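Here's a quick briefing on a helix and a couple of loop residues. Have a look at the structure first, then read on.

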Amino acid sequence: MAARVFSDHFKKVKDTNLKKLQELKSKYSLLTPSQYNEDFLTNYTDVNIPDEVRMILSLGEKHSFVPDKLPVVNIIKDLEYCIESQQLDSDEKDNIRARSVGIVKNYLTKYQHKKQDILSKKYIRETFEFVKNNQQLVISRSDKGNITVIMSRDEYETEVYKMLDDQNVYLKLQKDPTTKIQNNINKIIKILKENQFISDSEYKNMIKHNSTPPRLYCLRKIHKTTLSLRPIVSCINAPFTNLARYLHNIFIGLLSTSTYSIKNSFSLVESLTDIIVPEDYILISLDVVSLFTNVPLSLVTQLVIKHWNLISCYTVLDKKSFLLLLDTYFESSYFVFNCQFYKQLDGNPMGAPASNSIAEFVMHELFRYIESKLTFRTPLLKFYVDDTIILVPKDKVQHTLDTFNSFHSKIKFTLETEVDGRLPFLDTIIIREGNNLISDWYIKPYNPELQN
């Protein structure tokens, strides 16, 4: 039964995506500078951007072009590394190798360069040259959506430093703490192995060597009328990355049966199908202000102790060892920006593999608290990371916001209400039609006065 439901859902999603792909192919059959979509590029500077460069940048960071020469040797090396890192038997590994070799071989024998590919590569070269010669610009994606943002580096760095000057959140460090943090974590992992809490293979997966510092970068919020940035920390190869993955796997098991959280826009739309909107109810959304930096270790520790009987089902660690790992993880929160190191004084480390799952763990407790405090019943109460959507009576909007804000002194929410029965949430816009909820795709608006 479950297999059939999955198959039907998979086919539905696949057919939808194939339809969208065909529409895009028919609309943009040949890339030309005059046809780029201005909705996907926002320039906040007075620098003149050539049309060819605009076209390439508007495609976004997730777009790829077919290389002139396929790096077959590197593909085989990467493929072999991925296969050997999986816990599969030899027949399964050989099957993956055979299928992968077939895909590469078919590409090499069938693919022929077309006119648009030659043009595209010319535009890419021009774009690389433009970026190289304009180091005063910062080019990145926006905080949400597939929008490419161009802004002044001076303006960008000034705003980042303004954020980092908050001494209640960040502490400037005198030197790189990477080696010290790596050695401390490795020491704790070794103790876990000696106490037989983790196996030899888990020990090898968790131990770290040659770690590199996490790096801070920020994404611009293009729907704001004034400059506003969302901080992100890239934790690739950071000293606490493997520890974070280990904690994430424990928390994600605990949260796998969640009734509150949604995984993506598709699951949101699916959850709306059977909802009946009561009379005089409206849609509102609540957004946590800086969720990751405002989830304190003290709160997470308190909730772990409270729910240890459930958490212990997903780990062989005892409570003391688990809390030690959690404390070590939070204390390891640091990053580098422009060669200066900073420690995040409190809160969930931004960008680490466990960040979302720990934040979700806290949000689940918040939602249990909310349901016990609200003075009405709601047919819709869902969240995605730090965004919440809920149906409430028209006269209970302020009561709802006050209830959310009463959960913890550091976790505060902002409020947005529906307009004409419509409310954006994730990549969709939820529409209230009578007693039913329907949805449509949504592109977050930007401030057109700032687009060049």
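This one is a predicted model, so keep that in mind as you go. Two spots deserve a look: helix H9, which is mostly covered, and a pair of non-glycine residues with positive phi, Val385 and Asp420.

**Helix H9**
- H9 runs over residues 241-254, which makes 14 residues.
- From first C-alpha to last, H9 reaches 20 Å, close to the 20 Å expected at 1.5 Å a residue.
- Ten of the 14 residues in H9 are buried.
- At the start of the list of buried residues come Thr241, Asn242, Leu243 and Ala244, and the rest are Tyr246, Leu247, Ile250, Phe251, Gly253 and Leu254.
- Who's doing the covering? The cover over these buried residues includes helices H7 (178-194), H8 (200-206) and H11 (297-306).
- Also part of that cover are H12 (308-311), H13 (319-331) and H14 (355-373).

**Val385**
- Val385 sits in the loop that links strand S10 (381-384) and strand S11 (387-393).
- Its phi is near 55 degrees, a positive value, and Val385 isn't a glycine.
- Val385 counts as partly exposed because its relative accessibility is 24%, and buried would need under 20%.

**Asp420**
- Asp420 is in the loop between strand S12 (413-417) and strand S13 (422-425).
- Here too phi is positive, near 55 degrees, in a residue other than glycine.
- With a relative accessible area of 75%, Asp420 is over the 50% cut-off, so it counts as exposed.

Conventions: Residues numbered from 1 in each chain as written. Predicted model: local features only at pLDDT ≥ 70, side-chain atom pairs only at ≥ 80, totals over all residues. Heavy atoms only, no water. Helix = DSSP H or I, 4+ residues; strand = E, 2+ residues; numbered from the N terminus. Buried < 20%, exposed > 50% of the residue type's maximum accessible area, 1.4 Å probe, protein only. Expected span 1.5 Å × (residues − 1). Contact = heavy atoms within 4.5 Å.
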